[in-house]
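Here is a brief report on one protein model, written for a reader who works with coordinates. It goes from the overall fold to a sheet, then to the empty space and a few backbone details.

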Amino acid sequence: MEGKTDYQYMVGRKYGMLTVTEALPRERGPKGNLKPARVMCHCDCGNDISIKASMVLEGKRKHCGCVKKIRKPLQFSAEVETKGSYEDETPAIIKQLHATWECKSNENSGCLRNEAAGLCCRECDKYNGCAMACKNFPTVCGAKRRHKIKPPAVKTKQCEVVETCPNCDREVTLVWDVRVEGFKAFCPYCGERLMLCDECQHRFDNGEFTDDCDYNGYSDTCRFNCISNKVKDKYIASIRKKLSKRTLLEGLAEEASELAKAAMKVIRAEGINNNCTPVTPKTAFCNLVEEYGDVITVASVLGIKPKDNGKKLERWAIRLSEVQKGEGKEVPEEN
């Protein structure tokens, strides 16, 4: 029933760095189904956070995210903050100005760019109007060369993105470029996936709202967030419960025959034999790829995984070389 919970026994217990302080009542979603039970936890770092009870019990969450080293934002101002992925620790201002020198005497310069990012005054776009700018050249003041920074392949248009993380219920602000980094980010507090739904709904250049969200709650996927391996395993387990092994093998044989027909259709479409077909080569090849995908899907449900084909490829190449030598043809030497 709504409002009741079975996790009262967790109150007062400690799991890793988390101490459960309250078992929250279960809520209902928009369709009336009960949401997963959540508990309020107090972390050793002093933060209070609401987490799914099952994740705490299974040991998947042992802290509030305070000790997470990956995707942790740098302690710079918004002017020199890194991108939302937090994987590249080069400050954005350095990339923007393509700076090649790193200042080593920047402890008490009074300039945030200089102290936080090590930006040389000579390479700063505010050099001429700055009263604190250093007048020395990099070779004189002792600056060292930075690692070569490649210019971005795509012209970026970074903006400030604000989203609420559905896992830790915190408001997250990221400097993000959806055209380069996509509509999938990660929360810097809990490290879980963060879907940039609002940016997706305003993804076109005119900025108008597009009501075309195709989110699937069953698979937790959309056009920009593909299905995860965890969900794939869930689907495979569900199919195995409903279909027998014989039925799956029959399905594999059927899909394999369809793949063979598709391969023959490509031969006809390419005009390799005399039996032509009105199907274009591109359509025939797309059909071949689709049938191959069906075979792989049924094989994955059966638990059939391809082995390393390196040895088989080697034997194949050797046999072809022997046949060519027997026919007197020249075999191209390997580089």
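The sections below take the features in that order.

**Overall make-up**

This is a predicted model. The protein has 335 residues, and 28% of them count as buried. DSSP runs give 10 helices and 10 strands. The accessible surface comes to about 23500 Å². Carbon and sulfur atoms hold 52% of that area. Among contacts with a separation of 6 or more, 41% join residues 24 or more positions apart.

**The four-stranded sheet**

One open sheet has four strands in the order β1-β2-β3-β4. The pairing is antiparallel. Strands of a sheet pair through backbone hydrogen bonds, either parallel or antiparallel. Which strands stand at the edges of this sheet? They are β1 (14-15) and β4. Each has a single partner strand, so one side of each is left without a neighbour in the sheet.

The pairings can be followed strand by strand. Two bridges join β1 to β2. Here Y15 stands opposite L18 in β2. Five bridges join β2, residues 18-23, to β3. A23 has V39 in β3 as its bridge partner, and V20 stands opposite C41 in β3. Another five bridges join β3, residues 38-43, to β4. The table lists bridge partners across the sheet.

| Residue | Bridge partner | Strand of the partner |
|---|---|---|
| Y15 | L18 | β2 |
| V20 | C41 | β3 |
| A23 | V39 | β3 |
| M40 | S50 | β4 |
| H42 | D48 | β4 |

Two hairpins belong to this sheet. The hairpin of β1 and β2 has two residues between the strands, and G16 takes a positive phi near 70°. The hairpin of β3 and β4 has four residues between the strands. In that turn, G46 has a positive phi of about 110°.

D44 lies in the loop between β3 and β4. Is D44 buried or partly exposed? At 46% relative accessibility, D44 counts as partly exposed, because the class runs between the cut-offs of 20% and 50%. D44 also meets residues from elsewhere in the chain. Leaving aside neighbours within four places in sequence, D44 is in contact with K14 and M17. D44 and L18 are 26 residues apart in sequence, yet their C-alpha atoms are 6.6 Å apart in space.

**Pocket and cavity**

Rolling a probe the size of a water molecule over the atoms shows where empty space is left. The largest pocket has a volume of about 1900 Å³. It is lined by 44 residues, and the closest to its centre are K52, N167, R193, Y215 and D220. Several elements give two or more residues to this lining: β4 (48-52), α1 (53-57), β7 (159-164), β9 (184-186), β10 (193-195) and α7 (229-242). The pocket lining divides into 17 nonpolar, 11 polar and 16 charged residues. The edge strand β4 is thus tied to two topics here, as a member of the sheet and as a contributor to the pocket lining.

How many cavities of 30 Å³ or more does a search of the whole structure find? The search finds one. About 50 Å³ of space lies in the largest cavity. Its lining consists of R38, I51, K52, M55, R61, N167 and E192. By class, the cavity lining has two nonpolar residues, one polar and four charged. K52 and N167 line this cavity, and both are also listed among the residues closest to the centre of the largest pocket.

**Positive phi outside glycine**

Most residues other than glycine have a negative phi, and most peptide bonds are trans. Two residues merit a check on this point. H98 has a positive phi of about 55° although it is not a glycine. H98 lies in the loop between α2 (92-97) and β5 (101-102). With a relative accessible area of 42%, H98 is partly exposed.

D169 has a positive phi of about 60°, and it is not a glycine either. D169 is found in the loop between β7 and β8 (171-176). D169 is partly exposed, with a relative accessible area of 49%. The strand β7 before this loop also gives two or more residues to the lining of the largest pocket.

Methods
Residues are numbered from 1 along each chain as its sequence is written. This is a predicted model: local features need pLDDT of at least 70, side-chain atom pairs count only at pLDDT 80 or more; totals for chains, interfaces and linings use all residues. Side-chain values use heavy atoms; hydrogens and water are left out. On a 1 Å grid over the protein atoms alone, a cavity is a set of points where a 1.4 Å probe fits but cannot get out, and a pocket is an open set with protein on both sides within 12 Å along at least five of seven lines; lining residues have an atom within 4 Å of a point. Grid points are joined across faces, edges and corners, and a volume is the space filled by probe spheres set on the points. Ala, Val, Leu, Ile, Met, Phe, Trp, Tyr, Cys and Pro count as nonpolar, Asp, Glu, Lys and Arg as charged, and the others, Gly among them, as polar. Two strands pair if DSSP finds at least two bridges between them. Buried means under 20% relative accessible area, exposed over 50%, partly exposed in between (1.4 Å probe, protein chains only). Contact means heavy atoms within 4.5 Å. Accessible areas come from the Shrake-Rupley method with a 1.4 Å probe; for residues, only the protein chains shown count as cover.
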